[in-house]
Amino acid sequence: MTKRVLSQVIPPASLRRGIGLSGRATLIVLSIVCASFVICSSYIYAAQSATLRASLDTNMSNLSVASAKSVGNWLSGKVQLIQILAQQIALTGVGPQAGETLGLGVPRETFISTYVGGPDGSYREVPATPTPEGYDPRTRPWYRDALTAGAAILTEPYRSVGEPADTGS
């Protein structure tokens, strides 16, 4: 009975011989082909990745330059409009005519709010908002900055004097 069990566990003599010479040569060739495939694939991946990254960097740089130019052009248009408004107000004066100049279509559509303060403390804003009693624009930073610059200026957005304070709710 022992012989029978052993014959089932031990393979027949034809399989014990191993792989022949042609089988070994085939395995070596197959190994070389697989290794070559892996090496070539890795090289192609690395080369394509580098090319793609360089192309992406160039495209992003070009996009950044174009965006910066667009923003610069947009801002330049706003500054030129302010300069034209300032020239017109210089011709008409800071009185009621300034409110008419500020209320023209283009400035009204371009800016949320436009305003001018006079050297006598007069103030015109379009659209008109109620101002506190005794308000003097000469005390505001935008007036002092424009006086220092000697020209109309473009300010950062901030809460108008006529707007209610933010309660934080």
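Helices (H or I, at least four residues) and strands (E, at least two) are DSSP runs, numbered from the N terminus.

**Figure 1. Overall fold of the chain in the predicted model.** Six helices and two strands make up the secondary structure of the chain. From the start of the sequence to its end, these elements follow the order α-α-α-α-α-β-β-α. The chain has 169 residues, and 15% of them are buried. Of the contacts between residues at least 6 apart in sequence, 40% link residues at least 24 apart.

**Figure 2. The largest pocket and the elements that line it.** The space in this pocket amounts to about 1,200 Å³. Its lining consists of 38 residues. Those nearest the centre of the pocket are I82, T114, Y115, I153 and T155. Three elements each supply at least two lining residues: helix 3 (21–92), strand 1 (114–117) and helix 6 (141–149). Helix 3 gives the largest share of the lining, with eight residues.

**Figure 3. Surroundings of E125 in strand 2.** Strand 2 covers residues 123–126 and includes E125. The E125 side chain makes a polar contact of 2.8 Å with the side chain of Y123. A polar contact, also of 2.8 Å, joins the side chains of E125 and T129. Leaving aside residues up to four places away in sequence, E125 touches S113, T114, Y115 and S160. Among these neighbours of E125, T114 and Y115 are also listed with the residues nearest the centre of the largest pocket.

**Figure 4. E125 and R140, a pair of opposite charge without a salt bridge.** E125 is buried, yet it has no salt bridge. The nearest side chain of opposite charge is that of R140, 8.7 Å away. A salt bridge requires a side-chain nitrogen of Lys or Arg within 4 Å of a carboxyl oxygen of Asp or Glu, so the 8.7 Å between E125 and R140 does not meet this cut-off.

**Figure 5. The largest cavity and its lining.** One cavity of 30 Å³ or more is found in a search of the whole structure. The largest cavity holds about 40 Å³ of space. Its lining is formed by Y115, Y123, Y135, R140, W142, Y158, S160 and V161. Several of these residues appear in the earlier views. Y123, a lining residue of the cavity, is a polar-contact partner of E125. Y115 and S160 line the cavity and also touch E125. R140, another residue of the cavity lining, carries the side chain of opposite charge nearest to E125.

Terms used:
Residues numbered from 1 in each chain as written. Predicted model: local features only at pLDDT ≥ 70, side-chain atom pairs only at ≥ 80, totals over all residues. Heavy atoms only, no water. Buried < 20%, exposed > 50% of the residue type's maximum accessible area, 1.4 Å probe, protein only. Lys, Arg positive; Asp, Glu negative; His and termini not counted. Polar contact = N/O pair within 3.5 Å; in protein donor to acceptor, adjacent residues only side chain to side chain. Contact = heavy atoms within 4.5 Å. 1 Å grid on protein atoms, 1.4 Å probe; cavity = no way out; pocket = protein on both sides within 12 Å on 5 of 7 lines; lining within 4 Å. Points joined across faces, edges and corners; volume = space filled by probe spheres on them.
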